[in-house]
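Below are some points on chain B, set out for discussion. Please read them with the structure open.

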Amino acid sequence: MTMRKPAAVAAVLIALAVTTPFAGPYPILLITQALVFAIIAMSLDLLLGYTGLPSLGQAAYLGVGAYLTAILASRYGFGMDWTFWVVVPLGIFAGAATAAFFGLFAIRASGVYFLMITLALGMCVWGLAYRWNSLTGGDNGINLPGRPEFGIQLADDVTFFYLVLGFFILSLAALHLVVRSPFGRSLVGIRERELRMRVLGYNTWLHKYLAFVIAGGFGGLAGVLLAHLNGLVSPEDVILTTSVDVLLMVVLGGSGTLVGAAIGAGVVVFLREYLSTLVPWWQYVLGGVYVLTILYLPGGLMGIPERLRRWRSATQ
Amino acid sequence: MLKRRMTLMGLAVGMAATPAAAQELRIGFLAPTTGIFAQVGKDMVSGFQLWLDESGGNFGGAKVTFIVEDTEGKPPIAVRKAEKLVRQDKVHIFIGGLLAPTGYALAPVSTRLKTVYIASVPAADDLTQRDIAKYPYTVRTGWTSSQPSHPFGEWACEQGYKRVVTIGADFAFGHEVVGGFQKAFEGCGGRIIQKLWPPLGTKDFGPYIPQIKQNADAIFTLMAGPMSLQFPKQLAAAGNRKPVIAGGTSYDEFVLPSMGDEVIGHVSALQYSAAIDTPANAGFVKKYREKFGKVPSYYSETNYTSAQMIHEVMEKTRGKWPGAAQFVKLISAVKVDAVRGPVRLDEMRNPVQNIYIKKVEKRKMFGYEKDELWNTVIKTYPNVGQFWKFKKQEFLKQPVYSRDYPPCKFCE
């Protein structure tokens, strides 16, 4: 069992890497977009699935990374050549730093109060993006001058897809290591019963705070990539809907699995961006998928094999 | 009605975007068909559709394929959908977008993908002013936000207004409409004595209305969406007796049918009114109303006229697609007698057109039996360009209108 899962994930990733270049010019963009959202969904899964912290403000870190990238690129032309490799850690750092600041307020609370605080903090970032005209362009947002070029041209969508795929694999691996580490196990312990962990001598506040900061860092990374994917950063990227979407991706795919968050991201992006070009009633499909998942698949899509197994053993 | 085509995954390889078939014209249309702006999106699509139906979808021998995509009113989604239209559907032209930010988001896409973009609604000033050099494939068939405000400022002076308070929705479009009015009004001796900026989407104007200076001669408002409905109601409830003058979207035909009698007598300025008393407009209003069950708004008219202008170009080329650069050249030279009056493009590809000063009146029009609210035209400023009577070079040197520009010199 334990060996089958990584093998399956690797097989899917290889299949994605091989087939995507043939997927047509528009689907490539969507697959790339799904991968970017998969990174931020996995970062939220670290909070929601492993630590039990339902954050409704994850788009804030996405926004910080994206706006940083856009401002550096459009004002100073920074990050348009090899300096892109400076912007990436900067974006991660900015996301993590924002989370480190917000965490001071948010980590005091839990449950629905945590939800409200993160929501409010997320709206603050949106408010800044929307109102701080001189820095963020207000509701017009910022257009980027293009994608970086350093020997290879990221303007080519296939190249850019491989770059994002690379970052996705690195993020998946890094987060996987985090949740498998003793640190990650204690996060699960906090999720299950914080009081007991505290009695055992764990500094649960610090554990939660660190998880929050790590998640913010990956949010910042997703922001850097999203800015270059769209060529545009707008307050719409930071708005509450984005945070809700990310939360739904995690729940849809199955929280506490990392891979599930990525699958959820794929499904939501596909329904939102591709189905909407085919049928006008795509919103009903999206709504139906959410409702059915919550009603019948509390474990998300990743819960399907387990349910099948149980169903099979029950019928035998 | 809408043709949607699905390219099977794996078939379309590469990104060579050479539109095939000489006698086909593929037009992509971007409008919010879901979300809070869905009804405006419907007006936009209906306007374009009406011209297509009348022309039988045949533009000078080219068969028109019309593909509508939903922007949800969000710039990032609009960008993605524009990419889809150009890359997957291989459209020759994409049209539309609603709000100014969408215009700013779509113009760079046209540059990047070397495809014609026609901004039929987005009115952001700089799109055809300070930024036009960046967007060689962008053409505007609508208006700049400040275009109607310039003659309107002069009109306000003629009414003898000396001191005016402005209250406008706090976003780029609002800043530009109010800014244009301020520049023109103060240019002819008026004074803006107070500027209030309620956030976009304000429902309760309670904190703003009592602030309005009592020694003002008139109130200039610029509302958008549901704000347009709330503000006049609450202003009337507060017992206002001052004349109300406004940017065009505060009273356009999209909101007018939902308004109450308290707006009678309010005056606004725009490049279109459904009550323009010409045979061309009467015919348009009747056809549109019969087909879609409502009076056309400027969102309908501008897209109808955009279709007309494209048709005109295709007549000249006998249905052959001339290539993006050549198309931009040809459409820049087109002069049409549009529903809204004569329209041609200036050298920065923004329409030169009539600006109508219009007053809300309750009356019968075009043979309809009921008394309804109409934007009766009380004065026409012919052939107004985006720079009005200002010198173009000087105008372009000043910053774009914003919350702080022009500065409020006479604020008390």
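1. Strand 1 of chain B pairs with strand 4 (residues 93-96) of chain B through four bridges, and the two run parallel. Within this pairing, B:Phe29 is set opposite B:Ile95 of strand 4 of chain B. The model is a predicted one, and the points here should be read with that in mind.

2. Strand 1 of chain B has a second parallel partner in strand 3 (residues 62-70) of chain B, to which eight bridges join it. Here B:Arg26 faces B:Thr65 of strand 3 of chain B. Strand 1 itself, residues 24-31 of chain B, is mostly covered, with seven of its eight residues buried.

3. Helix 1 (residues 38-55) of chain B has the length one would expect: 18 residues at 1.5 Å a residue should span 26 Å, and the end C-alpha atoms are 26 Å apart, so the two agree. Just after helix 1 of chain B comes B:Gly56, with a positive phi of about 65°.

4. Which elements do the buried residues of helix 1 of chain B pack against? They pack against strand 1, strand 3, strand 4, helix 7 (279-292) and helix 8 (298-316) of chain B. The buried residues of helix 1 of chain B include B:Val40, B:Met44, B:Phe48 and B:Trp51. An α-helix has 3.6 residues a turn, so residues three or four places apart point the same way. The buried set in helix 1 of chain B also takes in B:Gly41, B:Asp43, B:Val45, B:Ser46, B:Gly47, B:Gln49 and B:Leu50.

5. The contact between the chains takes 29 residues from chain B and 25 residues from chain A. On the chain B side, the elements giving two or more residues are strand 3, helix 2 (75-87) and helix 3 (100-112) of chain B. Helix 2 of chain B gives the most, with seven residues. By type, the residues on this side of chain B divide into 15 nonpolar, six polar and eight charged.

6. Two non-glycine residues with positive phi deserve a look. B:Lys114, in the loop between helix 3 and strand 5 (116-119) of chain B, has phi near 50°. B:Lys114 counts as partly exposed because it has 13 C-beta neighbours inside 10 Å, whereas 12 or fewer would make a residue exposed. B:Arg318 has phi near 55° and lies in the loop between helix 8 and helix 9 (324-332) of chain B. B:Arg318 is exposed, since 11 other C-beta atoms lie within 10 Å.

7. Where is the cis peptide bond to B:Pro406? The bond runs from B:Tyr405 to B:Pro406, and its omega is near 0°. B:Pro406 is in the segment after helix 10 (392-397) of chain B.

8. On the chain as a whole, chain B has ten helices and 15 strands. Its radius of gyration is 21 Å, close to the 22 Å that the globule rule gives for 412 residues, so chain B is as compact as a globular protein of that length. Along the principal axes, the C-alpha atoms of chain B fill a box of roughly 70 × 50 × 35 Å.

9. Buried residues account for 53% of the 412 residues in chain B. Of the contacts in chain B between residues at least 6 apart in sequence, 73% join residues at least 24 apart.

Key:
Residues are numbered from 1 along each chain as its sequence is written. Chains are lettered from A and ligands numbered from 1 in the order in which they are written. This is a predicted model: local features need pLDDT of at least 70, side-chain atom pairs count only at pLDDT 80 or more; totals for chains, interfaces and linings use all residues. A residue is buried if 20 or more other C-beta atoms lie within 10 Å of its own, exposed if 12 or fewer, and partly exposed in between; C-beta atoms are placed from the backbone. Two strands pair if DSSP finds at least two bridges between them. Two residues are in contact if their C-beta atoms, placed from the backbone, lie within 7 Å. Ala, Val, Leu, Ile, Met, Phe, Trp, Tyr, Cys and Pro count as nonpolar, Asp, Glu, Lys and Arg as charged, and the others, Gly among them, as polar. The expected span of a helix is 1.5 Å times one less than its number of residues. The radius of gyration is taken over C-alpha atoms; the globule rule is 2.2 Å times the number of residues to the power 0.38.
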